[in-house]
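I opened this model to look up how its strands pair, how its domains meet and what surrounds its ligand. My entries follow in the order in which I checked them.

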Amino acid sequence: MNVCVVGTGYVGLVSGVCFSDIGNKVTCIDLDQEKIDKLKQGIIPIYEPGLSDLVLKNINENRLSFSTDLTEGLKDADVVFIAVGTPPKENGEADLQYVEAVAKSIGEHLDSYKVIVTKSTVPVGTGKRVKEIIASVSGHTNFDIASNPEFLREGSAIYDTMNMERAVIGVESEKAGEVLTELHKPFNTNIVLTDVETAEMIKYASNAFLATKISFINEVANVCELVGADVTKVAEGMGFDNRIGKAFLQAGIGYGGSCFPKDTSALVQIAGKAGYDFKIVRNVEEVNQNQRFKIIDKLEAVFNNDLSGRKIAVLGLAFKPNTDDMRDAPSIDLVPLLQEKGADVFAFDPVAAENARKVIPGLNAVENLQKAVNNADAVVILTDWPEFKEMDLVQLKETINQPIIIDGRNMFEPETMKELGYYYSSIGRPLVD
Ligand code: NAD
């Protein structure tokens, strides 16, 4: 099939390259000239494992191309995906200006039947809105709209797409359902065929549920600390129950990123507009926002509430490992707060430093782990990058001023840290002193 993907960000680029890799001819469109020029040369604008090789392979095999010209993508397309951003507005609602702008441009150039699919995460009713815009601008209805929300995770986006657990396809016509089912056949996955509104809701419900699991286990962790239980064992004991499952029960300093924070607040807004107060999700957001500050409490507990002049090594800036995405990363709140409290922060992240500098003014990001931890009064872990797990803890103890680790991601075993002679404070587990 011929596929056009409008919006070549994380989702558009990964989806585009995967659709091309399974044999379709794909044109990825973006307004960003620099991004498209780089992609044409095989230079990838984001950090995502495996993406670069797959893009080059499909460019070389003539199945994947890039352009800033929408008409080039629309020309022979059977299916057009809208994969532009839907960032949060001030009030938490999803900002649909980019989706609506793309719908308008599609309407201006639509001259033959196509299935127009919203892949961006959009509030219920957006598909209908896209349909109205395209119909009014093009002056005809020779098209179908559909919803096909995306579930990939940054850091394992290629794997997640190639091995998707389900494809949610929301349609208004049998024909669009057949086209999109056919397109997804090579993924050999579960197809959930539904109406457009239900598909739009599935995405928000899924993300809000995962966020709920995280905030739930974080609250359990907070109680564990008060009553002397170990949250990792609690999660293990819970997770063997198939009704609960093991995933998303890792206690820590909470979620960040481009999806959970904005999708939970958008769902609260969607419900509110429909006259419903979505209490659970509102509380999930509040718990998550508070959780990150546990790091500061724990650090202040060690230094008698006085961080001034303390050299603090911050390990990890990205909201999770294997990505350079800084959107809503806990470090954005925590690094400036540490600095405000007088700490001298030396931060290290394997790939996110450049993006972090753009959103954390005054950030002192150093180029390697050693520089960050050298003579530190305490080490704070914000992101569970595998290379932090592999640190030589014996050597680290020699390098730092005081053997203090505040671990926001529960990367090490408290018992091991005790044997090594560390003061080790993690989330929801016994303090090692
Ligand atoms: P992104 O910001 O990385 O990419 C969006 C791209 O769209 C940018 O390159 C931008 O230049 C381009 N764009 C904006 N307006 C355009 C226009 N009129 N024409 C052409 N291109 C235009 O965003 P993303 O992270 O890929 O997210 C896209 C959507 O997918 C969002 O709705 C998001 O919620 C959803 N989503 C994201 C993820 C994720 O992990 N990033 C996962 C699932 C779903």
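I began with isoleucine 404 and found that its bridge partner in E13 is tyrosine 423; since I am reading a predicted model, I note this as a computed pairing. Isoleucine 404 belongs to strand E12, residues 404-407, which is joined to E13 by three bridges, the two strands running parallel.

I then followed the sheet outward and noted that five strands form it in the order E10-E9-E11-E12-E13, that it is open, and that the pairing is parallel. Its edge strands are E10 (344-348) and E13 (423-425), each of which pairs on one side only. Direction ignored, I read an average turn of 20 degrees between neighbouring strands of this sheet. Against E9 (311-315) and E10 I found helix H14, residues 330-340, which lies across both strands and runs at about 150 degrees to E10.

Next I looked up the domains, which are given as domain 1 (2-194), domain 2 (204-286) and domain 3 (292-425). The centres of domain 2 and domain 3, taken over C-alpha atoms, are separated by 24 Å, and their contact takes 10 residues from domain 2 and 14 residues from domain 3. On the side of domain 2 that touches domain 3, I recorded three nonpolar, seven polar and no charged residues.

Last, I turned to the ligand, where I noted 26 residues around it, with Gly7, Gly9, Val11, Ser120 and Thr121 coming nearest. Helix H1 (10-21) and helix H5 (97-109) are the elements that give two or more residues to this shell. By class, I listed the shell as 12 nonpolar, nine polar and five charged residues.

Technical notes. Residues numbered from 1 in each chain as written. Predicted model: local features only at pLDDT ≥ 70, side-chain atom pairs only at ≥ 80, totals over all residues. Near = placed C-beta within 6 Å. Helix = DSSP H or I, 4+ residues; strand = E, 2+ residues; numbered from the N terminus. Nonpolar A, V, L, I, M, F, W, Y, C, P; charged D, E, K, R; others polar. Pairing = 2+ DSSP bridges. Axes fitted to C-alpha atoms, helices over the stretch in contact; angles between N-to-C directions. Contact = placed C-beta atoms within 7 Å. Domains from an automatic or database assignment.
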